[in-house]
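Trainee: I am new to this structure. Please take me through one part of it closely, the open sheet and what packs around it.

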Amino acid sequence: MYRMEIDRNISYTHGACDVPYIGLTCHEILEKRAEEIPDQPMYIFYSDQERFTFSEFKIKVERLAAGLLGQGLKRGDCVAALGSNHVEWPLFIAATRAIGVIMIRMQMGYTIQTMKKTMIKTSCKALFLMRSPEDLYMKACTIIPELEKSEHGQIRSDEVASMQFVVAVGANNKRGTINLEHLVEVGNEERFMTAFNQAKKLVSNDDISHTGFTSGSTGEPKLVPYTHFAILNGTYFSFDYLLKVKETNTRRMICGANMAYVGGELTGVTTPLVYGMTTVFPSPTYNFEKMLQATQDEKCTDITMLLFGLFDLVNSSVSDKYDLSSLKIGLTGGSLIPLHLLQEIDKKYGIRILNSYGMSETGFATSQLPSDSFEYSATTVGTIVPHTELKIVNKDGITVEVGEEGEIWIRSPFACVRYYLNDVATQESFTDGGWLKTGDVGILNKDGYLIIKGRIKNIINKFSRTIHPIEVENVLAKNPAVQKVQVVGVPDTRAGEEVCACIMLKENCTLTLEEVQSYCVEKVNANSMPGHIVIFDQFPFTTSGKFARAQIKKIAEERLQKK
């Protein structure tokens, strides 16, 4: 495609597209799907042996929404939700969206204090607990001590003063909580269904659907608001390859990501709405073998995996136990994928891995197509998605020339334009013109493909020279002894910072600093040569499944100080 700006040597690109936006609310598009394909499976929860057709799901959603209205919730109210992947997650999500209630999606790895602080800040009126983990009720009692002494659905909390009731499922449905099925039953009463039919008409596609947390991989997590318009269209236009498929309702996406995260939302919750396809959730929490088993039994065509899952796909003996021949496309993000890994997965399984780039604030901003070369798939994160703009700027916010390095800025109708109830962070990250300063460093090449160099906060400054960890990581990832690797900067009196390779080894393998340095000769610049290695048994991860780089860096520094 001809791009005038790139032709003029300016690092700016936009996703030109003649496909119109979706102008419906989330519930309106659910109604549409239930009319068109009522008997097609919408969600399959493999481990729980539960499945819903579009028609069944819509009926239960509307009754639950009516039941929530009966509890006093109204458009604009906030509720919190917490738990693993079970069918109640999308039921709660869809029911709150249908009546304009904003869901604050809590992440399992956050502390009790963070959860309580968030509920207070957002004035949450209700808390939804999934059936697992089974200790969620005790966590709720720690946040709201009055819960275990409360009567059914009547909470008066001193600290979380806005809290009115807690809805729970399974083992977490204990004293003071309301059973989900009770709300569904109550919601079927005529007076509440009448109230629901009135309430749904007040919801606009510009209303906030829910908020999610940023990953927190580089600092304090922030709340990102998503409108109905943003979440539906962001999902619809993020998967370029599906826009070119005629019958998407025959496809099945298997999703192992938790629904509290933007990845779980885009690839799991919303894809059935915008594409009419089926989502399969293999297990309540990530389980590699259960994912493969569900793929085989449900004949899934598309799979989502982070980088460590892709490595498991080729290195684990578990993979050979299952028939994965139905899989055609694998979706990933968050890291560049080594070329040898892409080629091995394609050769062994016939699965084409498509990488993408995005953030909690933007959803997927770039994507790849099956027609892209393996070289481009390994070295870039694709081109900009439709209706989205991207540019590379210098430290003064001036757009740089094509091929030059700079900070990635994104402007999109699907991206948020502010953080929820956080003006300070909003002013730091968003410009008056609507651009999001991503904090990532990248290059736009002459063909409009984005090359990620790393996070600004992760750059290593050695002898006043800039080193991007990802460049060293990509080299060491190919070492036959290396299972996983993260490269960080550690303090050095003479150089300012030194390059430290943090490595998880493959079984029965060893590696010394000298061997690492020898391997890197002529593969990395001399200044980028690791000066230290630290061997890890396991890497810590953030709650969203990304490498917890700040934690890895801290552990490495502590171990080096003890030497």
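Mentor: What follows starts with the sheet and then moves to helices and buried residues.

This is a predicted model, in which local features need pLDDT of at least 70 and side-chain atom pairs count only at pLDDT 80 or more, while totals for chains, interfaces and linings use all residues. Residues are numbered from 1 along each chain as its sequence is written, and side-chain values use heavy atoms, with hydrogens and water left out.

Start with the sheet. It is open and has 7 strands, in the order S3-S2-S12-S11-S13-S14-S15. The pairing is mixed. Strands here are DSSP runs (E, at least two residues), helices are runs too (H or I, at least four), and both are numbered from the N terminus. Two strands pair if DSSP finds at least two bridges between them. Strand S3 (50-53) and strand S15 (352-354) are the edges, and each pairs on one side only. On average, neighbouring strands are turned by 20 degrees against each other, direction ignored.

Now look at strand S12 (residues 278-281). S2 runs parallel to S12, joined by 3 bridges. Ile44 has Val280 in S12 as its bridge partner. Strand S11 (residues 252-254) also pairs with S12 in the parallel sense, again over 3 bridges. There, Ile254 has Val280 as its bridge partner. In a regular strand the side chains alternate between the two faces of the sheet. In S12, Thr278 and Val280 point one way. Thr279 and Phe281 point the other way. All of these are buried. Buried means under 20% relative accessible area, exposed means over 50%, and partly exposed lies in between (1.4 Å probe, protein chains only).

Elsewhere in the sheet, strand S13 (residues 302-304) pairs with strand S14 (residues 329-331). They run in the parallel sense over 3 bridges. Asp302 stands opposite Ile329 in S14.

Helix H3 (residues 54-70) packs on the sheet, touching strand S2 (41-45) and S3. Contact means heavy atoms within 4.5 Å. The direction of H3 makes about 90 degrees with that of S3. Axes are lines fitted to C-alpha atoms, for helices over the stretch in contact, and angles run from 0 to 180 degrees between N-to-C directions.

H3 also packs on helix H7 (residues 180-187), at an angle of about 90 degrees and with the axes 7 Å apart. The two helices are therefore roughly perpendicular, a label for angles of 65 to 115 degrees; under 35 counts as roughly parallel, over 145 as roughly antiparallel and the rest as oblique. On the H3 side, the residues include Lys60, Arg63 and Leu64. They meet a set in H7 that includes Leu180, Glu181 and Val184.

Next, the largest nonpolar core. It has 94 residues. Such a core is a set of buried Ala, Val, Leu, Ile, Met, Phe, Trp, Tyr and Cys residues joined through side-chain atoms within 4.5 Å. Phe57, Leu64, Leu68, Phe128 and Tyr357 have the most contacts inside it. H3 gives the most to this core, with 8 residues. Leaving aside neighbours within four places in sequence, Phe128 is in contact with Leu68, Val79 and Phe165, among others.

Two more helices are mostly covered. In helix H9 (residues 228-238), 11 of its 11 residues are buried. In helix H11 (residues 262-269), 6 of its 8 residues are buried. Among them are Glu265, Leu266 and Val269.
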